Amino acid sequence: MAAYTEHTFSGTHVDINYAESDGDGPALVIAHGFSGRWQGHIPYMDLLDDWHVYAVDQAGHGKSGTRDGTYKLVDFAD
């Protein structure tokens, strides 16, 4: 089982919370769908020991900040 450390990235529009694994392999970014948070990925993140995993809380979810305006799919890329 990998260990995860939570961090905050200060983005242009909102602060984003993410968890980082202690794996030493290639980087792999995981983003949840709507109404989720990074912890929802734990069941299969534990199978990714050969990867350095970054699991993101999207804006308005988990510990990430909220943003002004809408939460349409195109808005998450911003």
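**The nonpolar cores and the sheet**

Q: Which residues make up the largest nonpolar core?
A: In this predicted model, the largest nonpolar core has seven residues in all: Ala19, Ile30, Trp38, Met45, Leu48, Val53 and Ala55.

Q: What does Met45 touch?
A: Leaving aside residues up to four places away in sequence, Met45 touches Tyr4, Ile30, Trp38, Val53 and Ala55.

Q: Where do Val14 and Ile16 belong?
A: Val14 and Ile16 belong to another core, of five residues, which lies apart from the largest one. Tyr18 and Val56 are also among its members.

Q: How much of the protein counts as buried?
A: Of its 78 residues, 35% count as buried.

Q: And the accessible surface, what does that come to?
A: The accessible surface comes to about 5,000 Å², and carbon and sulfur atoms hold 55% of it.

Q: Changing topic: how many helices and strands are there?
A: The protein has two helices and four strands. Along the sequence they follow the pattern β-β-β-α-β-α.

Q: What is the order of the strands in the sheet?
A: The four strands form an open sheet in the order E1-E2-E4-E3, with mixed pairing. Strand E1 (4–10) and E3 are the edge strands, each pairing on one side only. On average, neighbouring strands of this sheet are turned by 25 degrees against each other, direction ignored.

Q: Do tell me about E3 and E4: parallel or antiparallel?
A: E3 and E4 pair in the parallel sense, over five bridges. Within E4, Tyr54 stands opposite Val29.

Q: Is Tyr54 buried or exposed?
A: Tyr54 is partly exposed, because its relative accessible area is 26%, which falls between the limits of 20% for buried and 50% for exposed.

Q: How many aromatic pairs are there?
A: The count comes to two aromatic pairs. One of them joins Tyr18 and Tyr54, whose rings are 6.1 Å apart centre to centre, with 45 degrees between the planes, a tilted arrangement. This pair links distant parts of the chain: Tyr18 is in strand E2 (residues 15–21) and Tyr54 in strand E4 (residues 52–56), 36 residues apart.

Q: What share of the contacts comes from residues 24 or more positions apart?
A: Such residues account for 56% of the contacts in the protein with a separation of 6 or more.

Q: One last residue: where does Gly40 lie?
A: Gly40 lies in the loop between strand E3 (27–31) and helix H1 (42–45). Gly40 is exposed, with a relative accessible area of 54%. Its C-alpha atom and that of Ala55 are separated by 9.6 Å, with the two positions 15 residues apart along the chain counted as their separation.

Terms used
Residues are numbered from 1 along each chain as its sequence is written. This is a predicted model: local features need pLDDT of at least 70, side-chain atom pairs count only at pLDDT 80 or more; totals for chains, interfaces and linings use all residues. Side-chain values use heavy atoms; hydrogens and water are left out. Rings of Phe, Tyr and Trp (its six-membered ring) pair if their centres lie within 6.5 Å; planes under 30 degrees apart count as stacked, over 60 as edge-to-face and the rest as tilted. Buried means under 20% relative accessible area, exposed over 50%, partly exposed in between (1.4 Å probe, protein chains only). Contact means heavy atoms within 4.5 Å. Accessible areas come from the Shrake-Rupley method with a 1.4 Å probe; for residues, only the protein chains shown count as cover. A nonpolar core is a set of buried Ala, Val, Leu, Ile, Met, Phe, Trp, Tyr and Cys residues joined through side-chain atoms within 4.5 Å. Two strands pair if DSSP finds at least two bridges between them. Axes are lines fitted to C-alpha atoms, for helices over the stretch in contact, and angles run from 0 to 180 degrees between N-to-C directions.
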